[in-house]
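Hi,

Here is the structure I promised to pass on. Have a look at it first, and then read my notes below.

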Amino acid sequence: MKEMLEQIRVRALDALDAAQDSNELEALRVQLLGKKGELTAVLKQMGGLSAEERPVMGQLANNVRADIEKKLEARKVELKAKALEEKLKAEAIDITIPGDPVSLGHKHPMNKALDEAKEIFIGMGFQILEGPEVELAEYNFTKLNTEEGHPARDRSDTFYITDDDSVLLRTQTSPMQIRAMEAIKNPPIRVLAPGRVYRKDEVDATHSPMFHQIEGLVIDKGITMADLKGTLVTLVKSLYGEDAVTRFRPHHFPFTEPSCEVDVQCFKCHGAGCPTCKGEGWIELLGAGMVHPKVLENCGIDPEVYSGFAFGIGLERMAMRRFRISDLRLIFENDVRFLEQF
Ligand code: PHE
């Protein structure tokens, strides 16, 4: 029996040494130490031993079992470490391999033009405001001195939201004049309010049912048309260069008096007339005027004490001129081949 036990020990330790992974180790454990294992089989024969031999063999069997268990544990640890090392090797990332280039987006030409305009006005002390695109007719029209029945309120031009025509998609950013005056209350007021506006227009090279405007409003004591001109000429020169030429034309808006439209001399033909300016030599850029006394009153500002000017710039037009884009639709189609050029 002694030899059998010694044999088991030697074979077991060799086998454990040779095992390649934890599955093999587990199979060996069952084969050697399990209920039907080799060691158990030997121990079952202990009954046939003499009283003197039995404790000696028992002691030896325990030693063999302890040796096998110890070896088993040690191999487990070794194989686990080996497995981990192999896994790390297999999953290693070579950080020196060049990556796949990520194609980065960039600013839309219209946002570029808007950011430039914002910079210019912030430099002149304006604050930037934003307001709702779903607006009250009260703000979009009535308080802007555009009473019910005025042709500008026609259902064929405006997207009304409610049946009673009291809520609409704003047709202009001018309601932000009212919101600014109501919010700030005490002049001086200098705000710039960019945003989307909506009109029932068919899409063509110069029209879209959704477009963008930038509203400007200045209210203070002693503001005159000269301030309006100085501000807008500064804008045009900053955007289009020192040699850009502007023209102020009389016009009518219900909420400004007097009112004007401002044109820039065509960047292509310098006034001679060409296809870009439709032969006129000038390109319309914005509407403006001195804030109507009634509008000031509607907002609780005394027109005897304060005066001001307002303007509304078509942002798409501004960007088209700035980047020499010929068709409005290009701005909204968002074809990357077009956008990548800016
Ligand atoms: N809201 C006018 C328009 O959409 C532009 C404008 C703004 C005119 C402010 C005068 C003053 O045409």
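N145 is buried: its relative accessible area is 15%, and the cut-off for that label is under 20%. Keep in mind that this is a predicted model. You will find N145 in the loop between α6 (137–140) and β3 (167–169). Its phi is near 60°, which is a positive value in a residue other than glycine.

N334 is another non-glycine residue with a positive phi, about 55°. It sits in the loop between α11 (328–333) and α12 (336–339). At a relative accessible area of 41%, N334 is partly exposed, because that label covers values between 20% and 50%.

N334 also leads us to H108, since the side chains of these two residues make a polar contact at 3.2 Å. H108 is in the loop between α4 (53–91) and α5, and with 16% relative accessibility it counts as buried. Leaving out residues up to four places away in sequence, H108 touches I331, N334 and L339.

Now the ligand. A shell of 14 residues surrounds it, and the closest are Q172, S174, R199, Q213 and G312. Here are the polar pairs I looked at:

- Q172 has a polar side-chain atom 2.8 Å from a nitrogen atom of the ligand.
- S174 has an N or O atom in its side chain 2.9 Å from a nitrogen atom of the ligand.
- R199 places a side-chain N or O atom 2.9 Å from an oxygen atom of the ligand.

Taken alone, the ligand exposes 330 Å², and the protein buries 91% of that. Three elements give two or more residues to the shell: β5 (210–220), β8 (282–291) and β9 (307–314). The largest share, three residues, is from β9. Sorted by class, the shell has seven polar, five nonpolar and two charged residues.

Next, the packing. In soluble globular proteins, nonpolar side chains tend to be buried together. The largest nonpolar core in this model has 38 residues, of which I214, L286, F311 and M318 touch the most other members. Helix α5 (residues 109–123) supplies the largest share of this core, six residues. Which residues does M318 touch, not counting those up to four places away in sequence? They are A113, L114, A117, I214, L239, Y240, L285 and I313. Apart from this core lies another one, of 20 residues, with L5, L25, V64 and L79 among them.

For a sense of distance, try G125 and A27: they are 98 residues apart along the chain, and their C-alpha atoms are separated by 82 Å. G125 is in the loop between α5 and β1 (127–128), and it is partly exposed, with a relative accessible area of 38%.

Last, the backbone has a couple of cis peptide bonds to look at. One joins P187 and P188, with omega about 10°; P188 lies in the loop between α7 (175–184) and β4 (189–198). The peptide bond from E257 to P258 is cis too, with omega near -5°, and P258 is in strand β7 (residues 256–265).

Over to you!

Cheers

Technical notes:
Residues numbered from 1 in each chain as written. Predicted model: local features only at pLDDT ≥ 70, side-chain atom pairs only at ≥ 80, totals over all residues. Heavy atoms only, no water. Near = heavy atom within 4 Å. Polar contact = N/O pair within 3.5 Å; in protein donor to acceptor, adjacent residues only side chain to side chain. Areas by Shrake-Rupley, 256 points an atom, 1.4 Å probe, with all protein chains shown as cover. Helix = DSSP H or I, 4+ residues; strand = E, 2+ residues; numbered from the N terminus. Nonpolar A, V, L, I, M, F, W, Y, C, P; charged D, E, K, R; others polar. Core = buried A, V, L, I, M, F, W, Y, C linked by side-chain atoms within 4.5 Å. Buried < 20%, exposed > 50% of the residue type's maximum accessible area, 1.4 Å probe, protein only. Contact = heavy atoms within 4.5 Å.
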